[in-house]
Amino acid sequence: MTIPTPVIHVDGVTRRYRDLRALDDVSFSVQRNTITGLLGRNGAGKSTLMRVLTGQEFPTAGTARVLGANPVENSGVLQRICFISESQRYPDSFQARHVLTSAPWFYANWDTDLADRLVDDFRLPLKREIRKLSRGQQSALGVIVGLASQAPITFFDEPYLGLDAVARQLFYDTLLADFAQRPRTIVLSTHLIDEVSDLLEHVLVLEQGRLMLDQDAESLRGSASAIAGRAAEVDRFAEGRRVLHRDTLGGLATATIAGALTAADHRAAAAAGLEIAPVSVQQLIVDLSRNAAQNPPEVSFAEERGA
Amino acid sequence: MTVIDFTPTVSQVSGPNRVVKVLRLHLVNRMIYLGIPWIITAVALGVSIVVALLIAATVPAADRQQALEGMSYSWAGLSALWYMAVVGVQTVASAFPFALGFSITRREFAAGTALAYLVIAAINATGWTILTVIEQAINDSGVTFHHFTALWFGSSNAATVWLSLFSLQILVLALASAVTAVYVRWRVIGMVVLWIAVALVALAVVSVIVLTGTGENLFAWLASFSVAGLFAALLVPAALAFALGWVALRWAPLRT
């Protein structure tokens with residue numbers, strides 16, 4: 001029997017900066033050859049977590065293992081990692097061609113044809129100083145390196161800041177097509193949750209440094225419902241259920257309710273004149289984040305569902 | 001039960017090869033390490049030539065030779081050396097985070113950077129020494145002109161000139177890198193502590209010399225060194241500075 005072994009295993013990782021806990025006792029695993037979304041609000045700890053996993057930052061407590069080993073100063077592990085950071089810095093006077101010339105020296109699986117094609121598709125100027133490129137063009141450079149590196153584990157941290165919708169779609173299409181041909185492990189952090197939700201197989205959500213959600217994307221879709229109707233009926237329906245968010249407008253209310261609804265629930269809702277709508281992954285995460293901000297997450301959504 | 005193994009799908013590259021690749025990474029944009037130093041060299045040489053021509057055209061014949069000899073105090077030949085301080089700062093401030101983005105370890109970066117410094121200093125020193133030797137030949141032929149043959153270079157042989165230029169570059173690169181590495185690691189607090197420590201060490205050394213009356217002996221001891229020996233000795237503080245830089249970078253988090 002073959003058991004899946006995680007390529008990334010994080011156990012109790014905490015990163016403190018003086019009185020700030022950028023990461024607070026975070027534990028999770030990422031399975032080989034999956035696309036994982038690392039989601040969360042600004043300052044939630046996504047970038048810090050990625051820097052810990054790529055040996056650029058050091059945990060205050062806990063352990064992070066990548067390909068079975070501590071990534072810090074581990075050349076064997078790091079050679080199989082590509083980390084595309086939204087805040088990547090380049091030496092002064094560097095041009096995109098310098099980056100694309102030197103990248104193959106460090107990524108053994110570098111795909112020159114793919115890189116060339118993407119340079120054309122993204123219309124990336126190769127002979128202009130990187131600091132003079134637009135935010136979107138700088139992001140395109142990172143995306144090209146991340147895709148062409150063909151690294152067994154690729155981290156994309158907010159890879160498409162400033163990219164227009166066409167360029168973002170190009171990124172998704174290329175990533176999916178390439179992933180289908182050459183599966184590898186991708187960890188992607190983003191704010192554009194709805195845009196990538198169909199891409200993701202697994203979702204991790206950080207909130208103020210803590211892991212709020214660790215769940216496969218399939219089970220997350222349709223795992224909450226929005227109930228709308230007269231406030232009294234909505235409240236009656238929601239009684240005894242976990243309400244993630246509630247809005248009222250006059251006598252009407254909308255409540256986001258966690259957990260899959262049964263056929264009986266649907267009949268009861270219809271009888272009460274309530275409308276039921278699926279909640280998008282993005283809306284679910286927004287509601288969970290707001291809920292967690294008001295009530296510190298003593299139980300994660302995933303744990304509750306698994307119970 | 002078998003556990004999935006992590007047989008690399010990527011061919012592994014050995015440590016020394018990675019170090020050489022860091023050297024290549026430093027040189028992928030040759031303008032930074034070699035282009036600008038030689039632009040500075042060319043401009044400074046051009047300025048010296050214009051000054052010499054102005055002297056020849058305007059200073060009375062009686063004073064002309066003395067004025068031309070006066071150019072040997074210009075230090076203009078070393079002008080590109082000070083740019084090396086900028087290179088040392090840039091290497092740590094921007095090439096270091098860039099290299100880590102390419103999944104290079106800190107150890108590989110430090111070793112590759114040390115190698116790059118040695119190679120670049122050797123190339124520059126060779127070029128400047130050749131120009132010094134040419135200038136010595138011009139002076140020997142009776143035309144007085146001092147740009148590279150300033151300071152101790154006028155009477156030194158080519159090997160001593162080369163060693164001087166090489167050691168000075170390495171020292172400037174290492175010191176600038178070390179100070180920047182301390183800043184990258186500990187920020188302003190690091191700077192304050194570093195400069196207080198430097199001041200205290202300097203004060204302690206001067207105090208010991210003054211209180212023990214060993215100043216004369218010290219200068220006599222230094223004077224016993226050859227020029228080449230003195231400049232070779234500069235490689236010791238350079239190595240210490242590089243070690244300090246490494247200690248700072250070893251655990252420096254990559255901040256954004």
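Visitor: Which residue takes a positive phi in the hairpin of E12(A) and E13(A)?

Guide: A:Gly250 does, with a phi near 65°, and the hairpin has 2 residues between the strands. This is a predicted model, in which local features need pLDDT of at least 70, side-chain atom pairs count only at pLDDT 80 or more, and totals for chains, interfaces and linings use all residues. Residues are numbered from 1 along each chain as its sequence is written, while chains are lettered from A and ligands numbered from 1 in the order in which they are written.

Visitor: What makes strand E12 and strand E13 of chain A a pair?

Guide: Two strands pair if DSSP finds at least two bridges between them, and strand E12 (residues 243–249) and strand E13 (residues 252–258) of chain A share 6 bridges in the antiparallel sense, so the condition is met. Within this pairing, A:Leu249 has A:Leu252 of E13(A) as its bridge partner. The element names themselves come from DSSP runs, numbered from the N terminus, with at least four residues for helices (H or I) and at least two for strands (E).

Visitor: Why are E3 and E5 of chain A called edge strands?

Guide: The open sheet has 3 strands in the order E3-E2-E5 (chain A), with antiparallel pairing, and strand E3 (20–31) and E5 each pair on one side only. Strand E2 (residues 6–17) of chain A is joined to E3(A) by 8 bridges in the antiparallel sense, one of the bridge partnerships being that of A:Val10 with A:Phe28. On average, neighbouring strands of this sheet are turned by 15° against each other, direction ignored.

Visitor: How do you know that A:Pro59 is buried?

Guide: A residue counts as buried if 20 or more other C-beta atoms lie within 10 Å of its own, as exposed if 12 or fewer do, and as partly exposed in between, with C-beta atoms placed from the backbone. A:Pro59 has 22 such atoms within 10 Å and is therefore buried. This proline lies in the loop between helix H1 (46–53) and strand E5 (61–66) of chain A. Leaving aside neighbours within four places in sequence, A:Pro59 is in contact (C-beta atoms, placed from the backbone, within 7 Å) with A:Val13, A:Thr14, A:Arg15, A:Val52 and A:Ala64. From A:Pro59 to A:Arg16 the separation is 43 residues in sequence and 8.0 Å in space, C-alpha to C-alpha.

Visitor: Why does A:Asn33 count as partly exposed, and what does A:Leu67 count as?

Guide: A:Asn33 has 15 C-beta neighbours inside 10 Å, which means that this asparagine counts as partly exposed, whereas A:Leu67, with 22, counts as buried. A:Asn33 sits in the loop between E3 and strand E4 (35–40) of chain A, and A:Leu67 in the loop between E5 and helix H2 (75–78) of chain A. Phi is positive at A:Asn33, near 55°, and at A:Leu67, near 50°, each being a residue other than glycine.

Visitor: What makes H2(B) roughly antiparallel to H4(B)?

Guide: Helix H2 (residues 30–58) and helix H4 (residues 79–101) of chain B pack at about 155°, with their axes 9 Å apart. Axes are lines fitted to C-alpha atoms, for helices over the stretch in contact, and angles run from 0 to 180 degrees between N-to-C directions. Angles under 35 degrees count as roughly parallel, over 145 as roughly antiparallel, 65 to 115 as roughly perpendicular and the rest as oblique, so the angle makes H2(B) roughly antiparallel to H4(B). The contact of H2(B) with H4(B) has 9 nonpolar, 3 polar and no charged residues, where Ala, Val, Leu, Ile, Met, Phe, Trp, Tyr, Cys and Pro count as nonpolar, Asp, Glu, Lys and Arg as charged, and the others, Gly among them, as polar.

Visitor: Why are H6(B) and H9(B) called roughly parallel?

Guide: Helix H6 (residues 158–212) and helix H9 (residues 235–250) of chain B pack at about 25°, with axes 8 Å apart, and are therefore roughly parallel to each other. Their contact divides into 16 nonpolar, 3 polar and 1 charged residues.

Visitor: Which element gives the most to the side of chain B that touches chain A?

Guide: In the contact between the chains, 38 residues of chain B meet 40 residues of chain A, and H4(B) gives the most to the chain B side, with 7 residues. That side divides into 20 nonpolar, 12 polar and 6 charged residues.

Note on methods: Contact = placed C-beta atoms within 7 Å.
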